Amino acid sequence: MSLIQPLILKAEQSHASFLRFSLVEQQSLAACLASLVDTYNADDSVIGFGAPLLALNSSKIPGLKSAISIEGVKRTSPANQDDLWLRVSGSDPGEVMLRVQEWLAVLCPTFSVNEQVEGFCHRGGKDLTGYEDGTENPEDNAAAVVALTGEPGVEGSSMLAVQKWQHQMKHFNSLPSKQQDDLIGRRKSDNVEFAESPPSAHTRRTAQESFSPEAFMLRRSLPWVKQQDCGLNFVCFANSFYPFEAQLKRMLGCEDGIEDGLFEFSRPLSTAYYWCPPVAGAKLDLSYLQF
Ligand code: HEM
C-alpha cells in the first residue's frame, strides 16, 4: 500500500536543511534516481519533484504544474521553479549536515544545488517576529486528508508549495505592539485571534474556511537566517495547489485590492511547486515515474 512520506505529517521539526536542485546531466538521471531511492530515509527526509523534471519523460502526475508569478495590486509574487526539493531534518544540526553531505554525494553532479536554506525551530514553533506559526494547522487524521492528493493512480502523494520570505526585522521591531498584532491578526502575548483585527490582517486574509471551496493546507515552515538576512521558509502541503494559490492571491489583494499586513515587513523571494511521491513500506515509491 502507498502512504504519504511520514515526516510530512510530523509537526515537530527542530532543525532542517532545505535544498533546491536543477537537473544538469540528463544521461545519468536514471541511475541517480535509483540511488536516490536507496538513500531516502523516511525518518529524516522529505523529497519533492518539480514539473520540469517530470516533463522530460511521459510521467503524468495529475495536478502537478510549475509555479507561476502572480501579480498583485502593489507587487508581483515571484516564481523560481526548479527540478528537485529536499528537506533533511533532525534534532542535531551536525547530524543533519552529515546527512545532507550523503545526499549531495548521490544527487550531484546529476543535479546542481540552486539554494540551501538552513531552517531552525525558534521558541518552540514561532516565527522570528515572535508569533506562533502553525496554530490553525489540521491535526491527526485531518492533516492526512488535507495533505494527500485524492487523485487515482498517485495515491499517497502530496502537493508541496515552497515560498521563501525575507523579513525586515528592524522595521517590524520598530512598530508598536498593537500595530504588529493588527498585521498578523493574533495577539503576540497570548496567541488569541481577536475579532476587531483589520481586513488586511494575515489571519483574516488566509482564514482557510472562508474560501469557496475551503482552502486548507498543512504548513511546515521554519525560520531561516543567513548573515544579516532572515525570514520564514514557508512550506505547505495540500491535496492540490489550489489552497496556496487562493490564499496568496487574496494576500496580494487580487480579490478586493487589500494587501496582507505581512507585506509591511516581509516579501517573498522565490516560489516553487513539487510533487511528493508516496512511500511503500519505508521505501520511496517512484513507480509512477518512467525514467
Ligand atoms: C512571512 C511569511 C509568513 C508568516 C510570518 C506567517 C505567519 C503566520 C502566523 C503567525 C499565523 C497565525 C497562526 C497560525 O494559524 O499558524 C499564520 C496563519 C496562517 N497562514 Fe501564514 N505566514 C506567512 C506566509 C503565509 C503564506 C504565504 C500563506 C499561504 C499562501 C500562509 C497561510 C496561512 C494560513 C492558511 C494560516 C491559518 C489561517 C487560519 O485558518 O486561521 N501564510 N501565518
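In this predicted model, the iron atom of the ligand has a single protein donor, His 202, which reaches it through NE2 at 2.0 Å. His 202 has its place in helix α8, a segment that spans residues 202-205. Water is not among the atoms, so the site may look incomplete.

The protein chain that carries this donor is built from 9 helices and 14 strands. Its radius of gyration is 19 Å, close to the 19 Å that the globule rule gives for 291 residues, so the chain is as compact as a globular protein of that length. Taken along the principal axes, the C-alpha atoms fill a box of roughly 55 × 40 × 35 Å. Of the 291 residues in the chain, 53% are buried, and among the contacts with a separation of 6 or more, 78% are made by residues 24 or more positions apart.

Two helices show how burial is distributed around a helix axis. In α2 (residues 29-39), the buried residues are Leu 29, Cys 32, Leu 33, Leu 36, Val 37 and Thr 39. Seen down the axis of α2, these residues fall within an arc of 165°, so they line one face of the helix, whereas Ala 31 and Asp 38 are exposed on the other side of α2. The general background is that an α-helix has 3.6 residues a turn, so residues three or four places apart point the same way.

Helix α5 (residues 140-147) has Ala 143, Ala 144, Val 146 and Ala 147 as its buried residues. They cover an arc of only 165° around the axis, which puts them on the same side of α5. The face of α5 turned away from this buried side carries the exposed residues Asn 141 and Val 145. The cover over the buried residues of α5 includes α1 (6-9) together with the strands β8 (158-167), β9 (218-219) and β11 (229-238).

Aromatic contacts form a further theme, and a search of the whole structure finds 11 aromatic pairs. Two of these are set out below.

| Pair | Geometry | Centre to centre | Angle between planes |
|---|---|---|---|
| Trp 165 and Phe 263 | tilted | 5.4 Å | 40° |
| Phe 244 and Tyr 273 | edge-to-face | 5.9 Å | 90° |

Trp 165 lies in strand β8 and Phe 263 in the loop between α9 (242-251) and β12 (266-276), so this pair ties together parts that are 98 residues apart in sequence. Both Trp 165 and Phe 263 are buried. Strand β8, which holds Trp 165, is also among the elements that cover the buried residues of α5.

In the other pair, Phe 244 lies in helix α9 and Tyr 273 in strand β12, so the parts that are tied together are 29 residues apart in sequence. Phe 244 and Tyr 273 are likewise buried, and they belong with Phe 234 and Phe 241 to one aromatic cluster.

Charged side chains also meet aromatic rings in this model. The charged end of Lys 164 sits over the ring of Trp 224, 4.2 Å from the ring centre, while Arg 250 lies over the face of Phe 211, at 3.7 Å from the centre of that ring.

Methods
Residues numbered from 1 in each chain as written. Predicted model: local features only at pLDDT ≥ 70, side-chain atom pairs only at ≥ 80, totals over all residues. Heavy atoms only, no water. Buried < 20%, exposed > 50% of the residue type's maximum accessible area, 1.4 Å probe, protein only. Helix = DSSP H or I, 4+ residues; strand = E, 2+ residues; numbered from the N terminus. Arc of directions from axis to C-beta. Contact = heavy atoms within 4.5 Å. Phe/Tyr/Trp six-rings, centres within 6.5 Å; stacked < 30°, edge-to-face > 60°. Lys NZ or Arg CZ within 6 Å of the ring centre and 35° of its normal. Donors = N, O, S within 2.8 Å, 3.2 Å for Na, K, Ca; no water. Rg over C-alpha atoms; globule rule 2.2 N^0.38 Å.
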